[in-house]
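Colleague: I'm new to this one. Could you walk me through it?

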Amino acid sequence: EIAAVNGRPSPGLWLELGAGGQPTRAFLGCNTHRAGGWSRNGDKLFLSAPLTGTEMACLDPQRSAAEEQALAVLRLAMTMELTPPARLRLVNEAGT
């Protein structure tokens, strides 16, 4: 479950990393997105390019904005930070 995008609560969003680097899926507000897999190097997380998704119309401007912001983060290498209570925070120059 994705708790927030750039500090804004984002209920209903999720990211699922496949076991052992297998395909990754995410629902980011309006569309479901997929990456061919993922890899990790130390505290860095990388999703395989390209990140593809459905192209459903998004009538809620807030959900659409959250999706675009989340996609911007997921497209770049992310630093993983463990925060209480057992949450994984993904951070890069595009946001959190």
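**The cavity and its strands**

Modeller: Sure, starting with the cavity: Leu15, Thr24, Arg25, Ala26, His33, Arg34, Ala35, Leu47, Leu51 and Leu74 line the largest one. This is a predicted model, where local features need pLDDT of at least 70, side-chain atom pairs need 80 or more, and totals for chains, interfaces and linings use all residues. Residues count from 1 along each chain as its sequence is written, and side-chain values use heavy atoms, without hydrogens and water.

Colleague: How much space lies in the largest cavity?

Modeller: A cavity is a set of points on a 1 Å grid over the protein atoms alone where a 1.4 Å probe fits but cannot get out, and lining residues have an atom within 4 Å of a point. The structure holds one cavity of 30 Å³ or more. The space in the largest cavity is about 30 Å³.

Colleague: Which strands each supply at least two residues of that lining?

Modeller: Strands here are DSSP runs of E, at least two residues long, numbered from the N terminus. Those at residues 24-27 and residues 32-35 pair in the antiparallel sense over four bridges; pairing takes at least two DSSP bridges. The suppliers are strand 4 and strand 5.

Colleague: Which residues of strand 4 point to one face and are buried?

Modeller: In a regular strand, side chains alternate between the two faces of the sheet. Arg25 and Phe27 point to the other face and aren't buried (buried being under 20% relative accessible area, 1.4 Å probe, protein chains only). The buried ones are Thr24 and Ala26.

Colleague: And which residue of strand 4 stands opposite leucine 15?

Modeller: Strand 3, residues 14-16, runs antiparallel to strand 4, with three bridges joining them. Opposite leucine 15 stands alanine 26.

Definitions and conventions. Buried means under 20% relative accessible area, exposed over 50%, partly exposed in between (1.4 Å probe, protein chains only). On a 1 Å grid over the protein atoms alone, a cavity is a set of points where a 1.4 Å probe fits but cannot get out, and a pocket is an open set with protein on both sides within 12 Å along at least five of seven lines; lining residues have an atom within 4 Å of a point. Grid points are joined across faces, edges and corners, and a volume is the space filled by probe spheres set on the points.
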